[in-house]
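Reader: I am new to this structure. Please take me through one part closely, and then show me what surrounds it.

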There are 4 protein chains.
Amino acid sequence: MFFASDNWAGVHPAIADALSANSNGFSAAYGNGELDKAVAERFNEIFEREVAVFFVATGTAANVLSLAAYNRPGGIVFCHREAHAIEDECGALEYLGSARLQPVDGNLGRIDPGNLERALRRYEPESVHAGRPMAVTVTQSTEAGTVYALDDIQAISALAKAHRLPLHMDGARLANALAALGATPAEMTWRRGVDILSFGGTKNGCWCAEAIVLFDTGLAREMAFLRKRAGQLFSKSRFVAAQFDAYLKDGLWLETANHSNAMAARLAEVLEQSPVSRLAWRPQSNEVFAIIRTGAAGKLKAAGAAFYDWQKPQGFDGNIAEDEALYRFVTSFATKPQDVAQFAAILGSERAA
Amino acid sequence: MFFASDNWAGVHPAIADALSANSNGFSAAYGNGELDKAVAERFNEIFEREVAVFFVATGTAANVLSLAAYNRPGGIVFCHREAHAIEDECGALEYLGSARLQPVDGNLGRIDPGNLERALRRYEPESVHAGRPMAVTVTQSTEAGTVYALDDIQAISALAKAHRLPLHMDGARLANALAALGATPAEMTWRRGVDILSFGGTKNGCWCAEAIVLFDTGLAREMAFLRKRAGQLFSKSRFVAAQFDAYLKDGLWLETANHSNAMAARLAEVLEQSPVSRLAWRPQSNEVFAIIRTGAAGKLKAAGAAFYDWQKPQGFDGNIAEDEALYRFVTSFATKPQDVAQFAAILGSERAA
Amino acid sequence: MFFASDNWAGVHPAIADALSANSNGFSAAYGNGELDKAVAERFNEIFEREVAVFFVATGTAANVLSLAAYNRPGGIVFCHREAHAIEDECGALEYLGSARLQPVDGNLGRIDPGNLERALRRYEPESVHAGRPMAVTVTQSTEAGTVYALDDIQAISALAKAHRLPLHMDGARLANALAALGATPAEMTWRRGVDILSFGGTKNGCWCAEAIVLFDTGLAREMAFLRKRAGQLFSKSRFVAAQFDAYLKDGLWLETANHSNAMAARLAEVLEQSPVSRLAWRPQSNEVFAIIRTGAAGKLKAAGAAFYDWQKPQGFDGNIAEDEALYRFVTSFATKPQDVAQFAAILGSERAA
Amino acid sequence: MFFASDNWAGVHPAIADALSANSNGFSAAYGNGELDKAVAERFNEIFEREVAVFFVATGTAANVLSLAAYNRPGGIVFCHREAHAIEDECGALEYLGSARLQPVDGNLGRIDPGNLERALRRYEPESVHAGRPMAVTVTQSTEAGTVYALDDIQAISALAKAHRLPLHMDGARLANALAALGATPAEMTWRRGVDILSFGGTKNGCWCAEAIVLFDTGLAREMAFLRKRAGQLFSKSRFVAAQFDAYLKDGLWLETANHSNAMAARLAEVLEQSPVSRLAWRPQSNEVFAIIRTGAAGKLKAAGAAFYDWQKPQGFDGNIAEDEALYRFVTSFATKPQDVAQFAAILGSERAA
């Protein structure tokens with residue numbers, strides 16, 4: 001019953017096998033090997049166009065270097081108020097990009113286009129005092145487990161374009177969003193105006209497989225220097241390539257995402273039906289937020305369930321009684337139906353007061 | 001016959017197995033899992049004292065964050081003129097540490113203490129105009145395949161201490177140096193005055209296992225923020241811990257280092273005995289530098305041998321004839337005796353003109 | 001009728017004379033001259049204790065280097081939502097300090113201690129993901145022309161201390177606040193817990209006289225390097241020293257501040273009594289914010305009055321009718337009673353609709 | 001007898017008068033006043049083309065922001081081994097530009113084109129490991145008091161162009177070089193391939209008048225943000241404009257430069273004719289380097305002469321006896337013939353041993 005985070009899981013067997021299968025032999029380092037090239041080609045196929053792919057060590061690195069590629073003195077990046085980039089990256093963008101993150105309001109993890117437009121207009125006309133917009137970033141799926149509809153992405157990219165800004169997508173849980181929408185990678189990214197993408201594989205079944213995907217391949221040369229200078233160029237790059245190779249083969253990545261989304265839906269049903277818990281809002285991908293009696297939550301934890309207390313996000317204004325609290329549950333490729341069943345059994349033994 | 005670099009190899013079977021064995025189950029992320037803690041304890045044992053260990057993605061990151069931990073405005077880091085930090089890290093220290101690297105001369109990759117002292121004295125008395133010394137860094141084994149003797153390290157750390165500077169060791173090939181000297185990790189590092197260490201496992205049999213080892217554990221809290229802010233905190237940190245666990249178990253790391261050093265020695269013998277090649281200088285670890293007739297080198301390459309042309313390092317002033325060139329050969333845990341034998345066979349068929 | 005900003009004025013005659021008087025002769029550069037030392041001593045007297053003084057070129061530099069002196073990886077600086085540091089410094093802190101500014105709410109330019117405490121608590125317990133508090137900064141007088149009472153400063157410094165954070169004061173208009181409160185420099189700064197101060201002279205009668213004042217003189221050595229490295233060490237430092245020498249002599253600085261505050265009070269009276277204008281809130285120093293019929297404002301501008309349209313600040317929720325707007329007026333040492341009288345005459349000719 | 005540095009002098013009377021004359025009245029801040037615009041126009045005239053001018057606080061700021069305008073990840077700036085940028089700016093370029101300075105050898109302060117070409121070629125072909133060239137910078141006149149001939153500048157800019165690099169000129173003593181060559185500003189800068197210029201007025205008679213001159217005006221918008229973000233945008237910009245206005249009027253700047261060069265020539269003659277001193281090399285502008293018996297130097301200092309001990313620069317290999325040392329003398333607009341005469345009288349009383 002490990003619902004603390006999808007990064008508590010290990011690695012999918014197919015990916016473990018791929019790593020083992022690649023243990024032997026020699027290969028050019030620093031991304032110049034045959035497998036690196038094959039994986040780059042695979043990315044082209046997945047996105048139905050030429051892209052440039054750069055492996056990096058972490059989602060934070062992917063986000064920050066993506067934005068740094070569009071760096072401007074005095075630059076300001078617009079993100080949701082609760083985005084990972086502003087809440088959980090320890091000032092990496094300020095450090096590595098000398099840029100500022102400007103929070104934008106919106107319900108349940110999604111930037112509201114109206115708010116974004118107002119935020120952007122505050123910087124018009126351009127003034128050296130205020131600094132100037134540099135990029136917009138959205139997270140898909142969001143930190144609240146919600147998903148931007150394709151039209152939502154289009155609306156935000158249209159605003160970004162109108163202000164001549166690039167749109168970055170933080171896809172730490174990209175596959176979960178794709179699975180939720182039933183959209184293709186192309187539809188959910190560059191066809192809706194995304195310019196650069198943090199493509200995460202770690203949370204969805206890899207050990208360590210994060211990539212920056214550039215839809216403007218003209219930036220690839222700069223990115224090569226940005227990545228190396230930031231200490232993010234793996235020597236045995238093959239170990240990431242092998243993971244992505246297996247991850248992307250035969251749709252494994254969408255299969256694992258569908259699985260974790262399905263586990264989340266099942267967990268949501270369990271939480272909805274108990275008299276001691278209810279959903280805080282409807283989950284759309286692999287994160288479930290629920291209000292639970294604290295007593296019941298305590299028993300679940302005592303029984304070995306792992307999940308986190310959570311802060312109320314913007315756009316949630318439901319009541320939480322004194323004997324209740326908000327919790328977050330995250331499922332993954334490794335979540336088993338019996339984990340949910342065990343959780344349901346414990347919760348089911350609880351009765352309304 | 002892949003002698004291009006030790007990072008062209010894959011991963012040692014024991015380490016591949018460890019990764020597979022850790023595929024399943026759940027574990028706290030960001031270095032808080034049980035295996036992370038066990039590995040941290042293993043580092044304490046190896047160094048015969050309490051240390052603080054931080055996994056990072058690359059040797060560049062390990063070097064730069066180590067030095068950034070001792071950051072001072074206007075800070076200058078003294079390194080050998082041909083050190084990786086200055087030659088091969090794309091300005092990472094300037095970017096991530098806002099510091100300058102000051103090259104110091106010395107023969108075959110080793111800082112000469114006399115030159116270091118002269119370099120340090122140029123900054124005395126302290127002046128805001130010149131900037132000020134911040135750290136000294138040595139590479140062990142060096143970029144020229146040589147090794148600092150224990151007394152050499154002591155001499156340099158004494159100089160650093162006399163100027164109240166920390167001493168960093170870039171141990172991208174630490175195990176090869178330990179094997180060459182037959183020294184213990186404690187003897188070659190903190191007992192000789194090393195304050196902070198880049199501990200590399202990647203080149204010696206891991207996929208991706210680099211760590212910063214702090215002998216001053218009081219800096220650990222700062223390092224935690226430095227690492228995270230630089231996008232170097234792995235979520236599934238277990239994948240590095242598992243590698244180090246296998247790497248350090250039962251002396252595997254020294255075994256692989258001894259093997260690659262032995263393969264280098266055998267290769268050196270081959271190169272020494274051929275009428276068309278000779279050693280440029282005597283190898284001490286797993287890198288061999290040889291002067292070969294370009295015709296013979298071409299035949300070797302045509303036959304599939306991989307090795308690099310190399311620039312004359314400081315301290316080498318042997319003659320290289322017009323029909324000769326300097327080449328570098330690197331062996332690794334994966335180098336097989338038959339690779340060397342095959343190489344010898346091809347070279348042996350060459351005759352002096 | 002130049003009420004656009006106090007930095008539109010020139011220089012006070014006494015300061016101009018001091019510059020002329022120092023034109024000749026030779027003096028050690030980089031702050032080592034006799035006049036520099038005399039002025040440093042003058043600062044000690046004014047603050048009734050030993051301080052360390054560093055001249056810099058601009059208020060932005062003073063603010064950013066003050067905060068950079070307390071730099072920590074992942075550091076977050078808490079400022080009022082409308083502070084100059086966040087609104088008007090083009091990301092200088094992100095660039096020069098790699099830090100983030102966290103806006104705190106409060107009425108009319110003043111940080112509300114309750115909001116500050118909530119903002120600080122969000123970073124407890126310490127987490128590498130979130131980053132960590134590094135400093136608190138207040139502006140005295142504020143961007144809304146208000147002034148923190150001495151107890152307000154004490155309350156904020158107590159909070160900062162409780163979280164082991166330094167308190168910085170942006171004193172671009174320090175003299176106006178001192179004049180408004182009738183407080184001594186010591187009372188309004190270190191005796192109320194201020195640790196470091198941006199001491200501005202430019203807006204109050206100098207050409208270019210900004211200083212960082214350190215109450216913790218132990219930081220002076222670091223500041224010397226921080227300043228030089230940022231390109232902020234004047235060679236002919238004497239030209240700033242001469243300005244400060246005249247500025248601080250015989251209380252000139254408080255005299256000019258009293259004058260500009262008095263001019264603001266007179267202007268406020270004029271705006272209050274007209275049927276076409278009213279005060280938005282009561283001014284406390286040398287900035288007046290008023291709501292004026294746009295027609296009348298247009299006539300004033302046409303007649304040569306210079307003043308800016310302004311955004312509603314936090315804590316002002318008065319109504320502004322469709323035919324009205326909010327404007328800012330700033331007085332200075334150079335504002336003459338006849339400027340205000342001329343303004344009053346034009347405004348007086350306007351009648352309520 | 002103040003020969004320590006030209007920045008020990010005060011300000012030329014005409015410039016002092018200009019500041020006084022501009023004391024009164026109001027003017028738009030931040031470089032938007034009428035005088036700022038008039039001075040910008042004056043720069044256009046002087047350079048016989050449209051340029052963009054940005055006032056900054058110091059020569060260090062001018063140099064660093066000039067180079068930062070051409071910033072590239074992993075960028076390397078090539079300068080003379082003894083350039084101010086590398087010897088006397090406390091790592092400002094590493095800090096503000098995240099770039100590295102690569103020293104290039106050459107005699108008496110001047111980059112040798114052959115050495116520059118070799119230094120540039122080391123970075124070919126481009127590699128992310130090594131970093132990449134970003135700019136070349138020359139100092140005119142140099143730190144050794146020598147001057148690049150117009151053809152020298154052309155040769156270096158041709159090399160820079162061949163490698164698609166911009167050429168920056170550090171003109172802290174620009175006027176002295178112009179006076180020495182009898183060249184026009186256009187001839188010595190953009191007509192010889194200089195792309196961006198640090199234009200110094202401080203050392204040659206101003207209090208604080210440094211400017212960045214962009215010959216590629218397309219970079220002006222970026223520079224506006226770079227300057228503001230670095231805390232280098234003066235509010236009362238008029239105080240710099242007034243200095244430049246007087247400095248550039250009726251050729252005052254060349255007159256003061258000619259005067260200080262003439263004083264240096266006279267001083268050189270004195271040093272050449274004494275039996276206890278000799279010129280280390282022939283001065284070309286306003287710096288004189290001489291080898292003097294230490295006993296005589298001590299007597300001169302005791303009599304009030306101020307001048308500095310100096311390190312042997314590259315390209316000087318004259319003998320210095322045990323009882324001799326190398327000294328630097330700098331003249332300025334404020335040096336009087338009687339200062340030199342007094343110096344000569346004291347030196348003249350010395351006799352050869």
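Which domains does the domain assignment of chain A give, and which residues does each one cover?

Author: First, some ground rules. Residues are numbered from 1 along each chain as its sequence is written, while chains are lettered from A and ligands numbered from 1 in the order in which they are written. This is a predicted model, where local features need pLDDT of at least 70 and side-chain atom pairs count only at pLDDT 80 or more, but totals for chains, interfaces and linings use all residues.

Now the domains. The assignment splits chain A into domain 1 (12–251) and domain 2 (253–348). Such bounds come from an automatic or database domain assignment. The centres of the two domains of chain A, taken over C-alpha atoms, are 28 Å apart. Domain 1 of chain A brings 26 residues to the contact, and domain 2 of chain A brings 21. Here, two residues are in contact if their C-beta atoms, placed from the backbone, lie within 7 Å.

Which elements of domain 1 of chain A give two or more residues to this contact? They are helix H8 (174–181) and helix H11 (238–248) of chain A. H8(A) gives the most, with 6 residues. These labels are DSSP runs, numbered from the N terminus: helices are H or I with at least four residues, and strands are E with at least two. By class, the domain 1 side in chain A has 10 nonpolar, 12 polar and 4 charged residues. Nonpolar covers Ala, Val, Leu, Ile, Met, Phe, Trp, Tyr, Cys and Pro; charged covers Asp, Glu, Lys and Arg; the others, Gly among them, are polar.

How confident is the predictor? Chain A has a mean pLDDT of 97, and 99% of its residues reach 70 or more. The pLDDT is the predictor's confidence in each residue, from 0 to 100. For the complex, the predictor gives an ipTM of 0.97 and a pTM of 0.97.

Next, the neighbour of chain A. Chain A and chain B touch through 42 residues of chain A and 42 residues of chain B. On the chain A side, four helices each supply at least two residues: H1 (13–21), H3 (59–68), H5 (92–97) and H10 (220–229). H1(A) gives the most, with 4 residues. This side of chain A divides into 23 nonpolar, 16 polar and 3 charged residues.

H1(A) deserves a closer look. Its axis and that of helix H1 (residues 13–21) of chain B come within 10 Å and cross at roughly 180°. Axes are lines fitted to C-alpha atoms, for helices over the stretch in contact, and angles run from 0 to 180 degrees between N-to-C directions. H1(A) and H1(B) are therefore roughly antiparallel. Angles over 145 degrees count as roughly antiparallel, under 35 as roughly parallel, 65 to 115 as roughly perpendicular, and the rest as oblique. Ala16(A), Leu19(A) and Ser20(A) meet Ala16(B), Leu19(B) and Ser20(B) there. That helix contact has 4 nonpolar, 2 polar and no charged residues.

How do the two chains relate? A turn of 180° and a shift of 0.0 Å along the axis lay chain A on chain B, with an RMSD of 0.0 Å. That is the relation of a two-fold axis. In chain A, Ala57(A) has the C-alpha nearest the axis, 3.1 Å from it. The same surface serves both copies, as 100% of the contact residues of chain A recur in chain B. Copies are superposed by least squares on the C-alpha atoms of residues with pLDDT of at least 70 in both.

Chain B also meets chain C. Here 12 residues of chain B are in contact with 12 residues of chain C. Helix H10 (residues 220–229) of chain B gives the most to the chain B side, with 6 residues. That side has 6 nonpolar, 2 polar and 4 charged residues. A rotation of 180° with 0.0 Å of shift along its axis superposes chain B on chain C, at RMSD 0.0 Å. Again the same surface serves both copies: 100% of the contact residues of chain B recur in chain C.

Last, back to chain A for a backbone detail. The peptide bond from Gln140(A) to Ser141(A) is cis, with omega near -5°. Ser141(A) sits in the loop between strand E4 (132–139) and helix H7 (150–162) of chain A. In chain C, a cis peptide bond joins Gln140(C) and Ser141(C), with omega about -10°.
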